[in-house]
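The following account leads the reader through one molecular model, beginning with its chains and ending with its interior. Please keep the sequence and the structure in view while reading.

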Amino acid sequence: MRVSGLSPTRGQARLLGWRTGVACLGLAAIWGGWGTPDLHGQQWRARVATRIQYVEARTLVLDSVAVEQVTGSGPQRRYGDILVTCTTGEDFCYFYSSDSDSKISTAPAFVDADLNVFGFGVEGLRFYASGRFRSAFGSGGEQFWPRTDEDFELLAGYAELNRRMFRVRLGRDYQVSGLGFYGYDGGSLLFRYRPARLEAEAYGGWGLERGLPVRLTSDALGSLGEFQPQEDNYLFGFRGSFGPYKGVSAAAIYQREILTDPKVISSERLGFEASYRSRDSRWLVEGSADYDLATGWWGKGNAKLGWWASRLFYVEGRLFRYRPIFSLQTIWVAFSPVSYWGWGVATGLGPYKDVQVRLELDRRDYGDTEADTDVEPFFATTDRVWRGRAWARWQPRVKWGLEGSYWLEWGVGSAVSAGNLKFNYLLTPDLSLGARVGAFDQSWEFRIGDSMIWNVGVDARWRTRIATVWGALDGYRHDRKDDAAFDDWTQLRAVLGISYYLGSEPGRTP
Amino acid sequence: MVAVLATAMAAWGWSMSQDKFDHQKHASLFQSCDGCHAVEPEGVTFPQPSLCQGCHNGQIARLVDWRGPSRVANKFGFNHSEAIAAKRDMGEDVSCADCHLAPGRGAMDVRRAPASHTPFFADEHRTLAAASTAECETCHNRDQRCLGCHQGAENLDVPGREQAGYHPANFLALHSAAAWNREVECSSCHNPETYCRSCHVTAGRGTEGRTNTGYHNEDPRFQFGHGQAARQALESCASCHAQQDCLACHSAKYGRMVNPHGPDFDASKLRDKNVTLCRYCHFPNDPRIER
């Protein structure tokens, strides 16, 4: 007896016509791209990338069985080889499973478009916009793939005046730094002094949600319910970078997000980065850290030392730590996430003429969580993770080669053992083909049960004078190995995409 | 044995990089790149050593033993043909000077991609990119290079790394282990609320208010023993559970009123920064949050 399943499809409420319209826009753009000759000397440049994926999944749903049909006693009993949960006095026991009845599929489609417009007779004046259209088809529709129910979003869009000593931007922009990726609707002013590679920038405006180009009060965050902010953040910050000598760079950033009442802070963070690369590029030393002024916690930290004889032969060592930093707009910060410290080594080798190898090993140790673990029914998990990886490429000919990798991880949270092998063949200078096989076993705590998933796939890429077309098809088979919740990964996946550009820059050959 | 092997490898690696041509020394002879180089599908072509002997014949100039870059290095190294085509796909025109010449410097002041740009540099570029943004932009277009990965790219399961995707093939199937231990910070590009959670809930992995799930490790006691796991990987919890799920037990207003605060929790500091946060779980007149 199935007692629960998917919630009603929200996508059904949306208009099929709109989705079709978005798809038609992409197809029209493709058609325009194929049919448009080179437009030399135009004062604009555009890039359009369209891709359609096909994804299947068998969702995990709660199922039940009559208590008379199970064996054993206590809260965990068995129905055949399936572990079920029973409550004393209830007629049914429950378990999670996925089967052919729970199979859904969807075909999310995306059109990314970038547009640069320049040459207005004002030196350094430019307009830039980057947008994304989305839609989805299939039984899973817009419910299954993230955000396909939001048809369009503006990733970035600004006017820029860029001169030798300064740069001004107004519009939707973003900052990439050690603090992460933050977007804002506002402006920035940057000064630069090229001889010392000195840059100083002030930026600010209405802040966007982290990792999402929407305001905090947007409907896109409606699922936060009562925890969705009632007003938008204001975000502002200062960033400076300095490169006094060749190979030496340092940067710092301060950023604060506040509400209308400036005393109410969403986040206040500092980040530092520095790197040194020797003149012959053989040595690299780098370090970074970020500090959360709101909580008084250090976040990420990283120190790395690397030595390269060439791109084939190198050795790297690093120390790192990680602690997640949450906005004070969420309750997560009150749950005291702990940090981990770790170390890692990696080396690149070229043991034979046509072989390139990379080996990695690292370890993480979590700090004391101070959680109760020594009194029933509390229990302790582990606090250490080991991870090893090996990657190799064999390239006996320019036209073809083999690439393989293996990843082994064990410790807290989840463990994985995964291997991949890929064959690449360059049929013509413009047409490349690939085939791959893979298998992985992902098991243990908190995750899907111990099982093996096999993968076979092919892909191709064809490059024309103005566009690139690519596609891939992958099949997965899931062999279950134990009695944990059965999350069946047997499925087909596919992707088809095209990207092309229009326009050109004056004075250059496309 | 290991030391001997390492020394041999180092010597071999060193020898591989000894075929560099001093462009600046020859600046007065060669004025453009395409006099000596061309980009072909197999890579960049180099002049024959016999060209050198036109001058380096022991009479006009000393004899040299220059043989050009090794074939192996060319195959494994940066593929110019691929990269130029990729840049053009992304709407960028490209010439040799774009990457190999410093602004305002002579035509033979040739720069090369740093040795740090291994096939795995995408995983490791954070510090260098943040500290040397301007330097990156001499070769990479910020708008297209950064947004391609960082702005919540929806094509998580990119078939083949070379297709301009950040994650390797099969990553969707494999991402839980990487996400749990935060190999990289997922939230730099993906918003957990709209990206991770929506998928997890739809597929039945996340909750929609239920607290009786048997997911995790199928241990019904998990709910009682989850404190350590939650503090170790709170971002993973948040990728399935909504905030209100946790407050069913962890609020001071109702429910089981289990205190979630743990190590390094500084109540007064948080209260001073944003008292609204405290009021999600505490009544306004709770003496613990009153100043």
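Among contacts in chain A between residues at least 6 apart in sequence, what percentage joins residues at least 24 apart? In this predicted model, the share for chain A is 53%. For chain B, residues 24 or more positions apart account for 51% of the contacts with a separation of 6 or more.

The secondary structure of each chain may be considered next. Chain A contains two helices and 26 strands, whereas chain B contains 16 helices and two strands. Of the 510 residues of chain A, 41% are buried; in chain B, which has 291 residues, buried residues make up 31%.

One strand of chain A serves to illustrate its pairing. Strand β12(A) comprises residues 234–242. It runs antiparallel to strand β11(A), residues 198–207, and eight bridges join the two. Within this pairing, Glu201(A) has Arg239(A) of β12(A) as its bridge partner. Strand β12(A) is also joined to strand β13(A), residues 248–258, by nine bridges, again in an antiparallel arrangement. Here Gly237(A) stands opposite Gln255(A) of β13(A). Five residues lie between the strands of the hairpin formed by β12(A) and β13(A), and in this hairpin Gly247(A) adopts a positive phi near 90°.

The two faces of this strand can now be examined. In a regular strand, side chains alternate between the two faces of the sheet. In β12(A), the covered face carries Leu235(A), Gly237(A), Arg239(A) and Ser241(A). The uncovered face carries Tyr234(A), Phe236(A), Phe238(A), Gly240(A) and Phe242(A). The bridge partner of Glu201(A), Arg239(A), thus belongs to the covered face, as does Gly237(A), the residue opposite Gln255(A).

The nonpolar interior remains to be described. The largest nonpolar core has 33 residues, and those touching the most other members are Trp332(A), Val333(A), Val416(A), Phe440(A), Leu174(B), Leu234(B) and Leu277(B). At least two residues of this core are supplied by each of β22 (415–428) of chain A and α10 (171–180), α12 (227–232), α13 (234–238) and α16 (275–279) of chain B. The largest share, five residues, comes from α10(B). Leaving aside its neighbours within four places in sequence, Trp332(A) is in contact with Phe326(A) and, in chain B, with Leu234(B) and Ala238(B). Apart from this core lies another, of 31 residues, including Val84(A), Tyr96(A), Phe144(A) and Trp145(A).

How values were computed:
Residues are numbered from 1 along each chain as its sequence is written. Chains are lettered from A and ligands numbered from 1 in the order in which they are written. This is a predicted model: local features need pLDDT of at least 70, side-chain atom pairs count only at pLDDT 80 or more; totals for chains, interfaces and linings use all residues. A nonpolar core is a set of buried Ala, Val, Leu, Ile, Met, Phe, Trp, Tyr and Cys residues joined through C-beta atoms within 7 Å. A residue is buried if 20 or more other C-beta atoms lie within 10 Å of its own, exposed if 12 or fewer, and partly exposed in between; C-beta atoms are placed from the backbone. Helices (H or I, at least four residues) and strands (E, at least two) are DSSP runs, numbered from the N terminus. Two residues are in contact if their C-beta atoms, placed from the backbone, lie within 7 Å. Two strands pair if DSSP finds at least two bridges between them.
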